[in-house]
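Here is a structure to explore through questions and answers. Please look at the sequence and the model first, and then follow the reasoning in each reply.

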Amino acid sequence: MSWRDRSRRNRRNQWRRVIRKIVIYGVLILGSFTLLIPIFWMISTSLKPFEQTLIFPPRWIPDIIKWDNYSETFTYLPFLLYYRNSIIVTTTAVIGQVISASLVAFSFARLRARGRDFFFFLMLSTMMIPIYVRIIPLYIIFKQLHWLNTFKPLIVPYWLGGAAFNIFLLRQFFRTIPIEIDESAKIDGCGTFRTYCQFILPLSKPALAAVIIFSFMFHWNNFFGPLIYLSSADKFTLPLGLLGFKDMYYTPIWNLLMAGSIMALLPCVLVFFFTQRYFVQGITLTGLKR
Amino acid sequence: MQKRKIHSKLLRKEALECYLFMSPWLVGFILFIGGPIIASLILSLCKYDILSSPKFVGLGNYWTLFTDDPLFWQSLRVTSLYTILAIPLLLLISLSAALLLNQKVSGLSWFRTIYYLPSVITGVVVALMWMWIFDGKFGIMNYLLSLIGVDGPVWLFDKFWVLPAFIIMSLWALGPPMIIFLAGLQGIPRVLQEVAIIDGANKWQVFWNVTIPMLSPVILFNLIIQIVYSFQVFIPAYVITEGGPANSSLFYTLYLYRMGFRWLRMGRASAMAWILFVLILICTFAIFRSSARWVYYEK
């Protein structure tokens with residue numbers, strides 16, 4: 001091929017590469033917009049006076065930006081109380097979950113005993129069982145214990161092992177820590193518990209972070225548990241409390257509902273932004289590694 | 001002799017420690033998992049309404065559900081239809097997004113964040129958001145449709161369009177399956193694709209004969225997770241439509257909740273829960289069986 005033909009082909013290929021890049025970027029950006037529009041719409045609605053929400057065609061940017069929708073949520077409903085309840089339940093449950101899951105995972109990963117693997121597979125198989133199978137007996141148990149309408153049903157089970165997913169994640173991670181670490185700790189005279197505390201745990205920060213994040217997201221957004229166990233409004237967590245804006249009058253109070261929703265989702269989004277790496281790590285840790 | 005004694009003493013100590021560390025889960029399992037499972041099985045064979053003691057009725061609950069309860073079948077219909085339609089779409093979209101993100105583009109992590117962000121917002125907040133978006137008169141869905149000249153339906157109050165609305169809602173949470181696909185894609189050795197290209201394959205052939213087979217374990221994983229998940233959809237059904245209009249969005253778990261906690265027919269609700277469990281098992285098993293034919297594991 002002459003150099004002229006070659007340079008013509010190179011220019012054509014360059015064109016193709018540029019077009020390909022434009023198409024890829026274009027689709028990605030279009031997709032991003034489509035995904036983010038609902039969130040923009042939520043924010044826009046949360047800043048409108050109520051009458052402006054019920055107009056067609058809708059306005060994107062309200063002419064009066066009503067910031068005090070956000071403070072009004074606190075006066076319409078005991079929103080601060082709901083927030084406080086969510087914080088209490090979520091932090092205690094997450095702390096319990098992390099502590100118990102890591103203890104149990106350590107037993108599955110490092111300590112040997114007869115029947116250990118049987119219990120491990122038993123635990124795994126419980127992941128497949130829908131909560132609906134257990135919820136009625138659980139309701140009855142908590143009723144007998146007089147724990148209904150308290151936070152206890154939402155917290156105690158997570159101090160006793162809790163979600164098998166988290167135990168599994170930590171166990172898989174513990175297994176990637178070289179056994180030499182345990183051995184050198186033992187040579188230095190550490191008992192099992194000290195090895196666990198001073199060596200294994202500090203090395204497991206990424207996995208522990210993932211567990212904290214997943215657990216936080218679960219408990220903060222948990223709706224079904226509170227729905228079943230909590231009956232008086234002063235005990236409601238955010239997901240339950242938000243429904244108040246929807247059901248109070250004939251039509252939902254859209255602007256307050258959206259403002260409340262944004263305040264409810266803010267912690268999750270913030271946690272997400274600051275811990276993104278661990279999200280991806282956490283999911284792939286269980287999904288693909290052997 | 002001494003050595004063996006010390007050895008077995010150490011083993012016993014380690015076994016004790018093992019179960020000591022495991023004890024939180026063991027206690028939790030007996031109290032909140034194992035016990036309730038057995039109790040729920042027994043309850044499903046009884047008539048129970050909390051106010052009086054349970055009455056044994058054998059398979060009566062199951063019989064009534066299958067032969068005398070049209071809402072039971074309706075809820076199965078709604079849930080199955082939703083599952084069959086939503087999952088292929090979701091997997092397709094999340095795979096496409098993963099493929100796009102796998103190209104060498106700058107700002108990859110920005111896009112990944114944006115595409116994952118929606119799934120961080122879950123449950124009630126998302127349901128309420130969509131309830132507002134799909135509002136028949138003032139929601140932006142119909143507004144955007146009107147921009148292209150389409151007169152949108154009253155989504156959430158229309159027997160035909162309510163399920164498509166739910167499906168659209170589910171597509172928004174494409175983040176987790178997308179991330180898993182992305183990880184799977186990045187695990188495919190480039191060598192394979194390069195060899196195929198050298199052998200004369202074009203882009204499409206590389207995709208179908210190299211990428212997809214190498215991805216098949218990940219596809220299987222996502223498929224099963226999504227099926228188990230979509231059989232148990234509850235929050236949007238409860239929050240937005242309460243099963244309406246005319247039970248066209250009566251998801252199975254919503255009906256179960258109503259049966260057990262509104263009508264206090266707890267025996268029958270337990271039976272429904274077990275039927276759900278068995279259904280999920282059957283589906284998962286069937287997919288696993290079929291996977292031998294289309295899933296390709298690296299040797």
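Q: By about how much of the helix are Asp5(A) and Arg8(A) separated in helix α1 of chain A?
A: This is a predicted model, and in it the side chains of Asp5(A) and Arg8(A) meet in a salt bridge with an N to O distance of 3.8 Å. Both residues belong to helix α1 of chain A, and because they are 3 residues apart there, the separation between Asp5(A) and Arg8(A) is about one helical turn.

Q: Which side chains meet in a salt bridge between chain B and chain A?
A: Side chains of opposite charge can pair when their charged atoms come close. Over all chains the search finds 8 salt bridges, and the count between chain B and chain A is 1. At 3.2 Å from N to O, the partners in this salt bridge are the side chains of Glu14(B) and Arg112(A).

Q: Which helix gives the most residues to the side of chain B that touches chain A?
A: Besides the salt bridge, chain B and chain A have 12 residue pairs in polar contact, counted where both residues have pLDDT 80 or more. On the side of chain B that touches chain A, the element that gives the most, with 21 residues, is helix α1 (residues 2–43) of chain B.

Q: About how much area do chain B and chain A bury between them?
A: The size of an interface is often given as the accessible area lost when the parts come together. Here the contact takes 94 residues from chain A and 83 residues from chain B. In chain B, the residues that lose the most area to chain A are Phe21(B), Phe32(B) and Trp132(B), which together make up 11% of what that side buries. With 80% of it on carbon and sulfur atoms, the area buried between the two chains is about 8100 Å².

Q: Which element gives the most residues to the lining of the second largest pocket?
A: The second largest pocket holds about 1300 Å³ of space, and among its 32 lining residues, Arg20(A), Leu99(B), Gln103(B), Lys203(B) and Phe207(B) lie nearest its centre. Two or more lining residues come from each of α1 (3–46) of chain A and α3 (70–102), α8 (175–186), α9 (190–198) and α10 (203–230) of chain B. By class, the lining has 19 nonpolar, 6 polar and 7 charged residues. The element that gives the most to this lining, with 8 residues, is α3(B).

Q: How many charged residues are in the lining of the second largest cavity?
A: The count comes to 4 cavities of 30 Å³ or more, and the second largest of them has a volume of about 50 Å³. Its lining includes Trp220(A), Asn221(A) and Leu238(A) from one chain and Thr122(B), Gly123(B) and Val124(B) from the other, while α11 (205–221) and α13 (238–247) of chain A and α5 (123–133) of chain B each supply at least two lining residues. The lining divides into 7 nonpolar and 3 polar residues, and the number of charged residues is none.

Q: Which residues of chain B does a cis peptide bond join?
A: The place to look is the loop between α11 (235–241) and α12 (252–262) of chain B, where Pro245(B) lies. The loop between α11 and α12 of chain B also holds Glu242(B), whose phi is positive, near 50 degrees, although Glu242(B) is a residue other than glycine. With omega of about -15 degrees, the cis peptide bond joins Gly244(B) and Pro245(B).

Q: What is the approximate phi of Asn149(A)?
A: Asn149(A) is found in the loop between α6 (131–144) and α7 (152–159) of chain A. Although Asn149(A) is not a glycine, its phi is positive, with a value of about 60 degrees.

Methods
Residues are numbered from 1 along each chain as its sequence is written. Chains are lettered from A and ligands numbered from 1 in the order in which they are written. This is a predicted model: local features need pLDDT of at least 70, side-chain atom pairs count only at pLDDT 80 or more; totals for chains, interfaces and linings use all residues. Side-chain values use heavy atoms; hydrogens and water are left out. Contact means heavy atoms within 4.5 Å. Buried area is the accessible area (1.4 Å probe) that two parts lose on being put together, summed over both. A salt bridge is a side-chain nitrogen of Lys or Arg within 4 Å of a carboxyl oxygen of Asp or Glu. A polar contact is a pair of N or O atoms within 3.5 Å; within protein, one must be able to donate a hydrogen and the other to accept it, and residues adjacent in sequence count only if both atoms are side-chain atoms. Helices (H or I, at least four residues) and strands (E, at least two) are DSSP runs, numbered from the N terminus. On a 1 Å grid over the protein atoms alone, a cavity is a set of points where a 1.4 Å probe fits but cannot get out, and a pocket is an open set with protein on both sides within 12 Å along at least five of seven lines; lining residues have an atom within 4 Å of a point. Grid points are joined across faces, edges and corners, and a volume is the space filled by probe spheres set on the points. Ala, Val, Leu, Ile, Met, Phe, Trp, Tyr, Cys and Pro count as nonpolar, Asp, Glu, Lys and Arg as charged, and the others, Gly among them, as polar.
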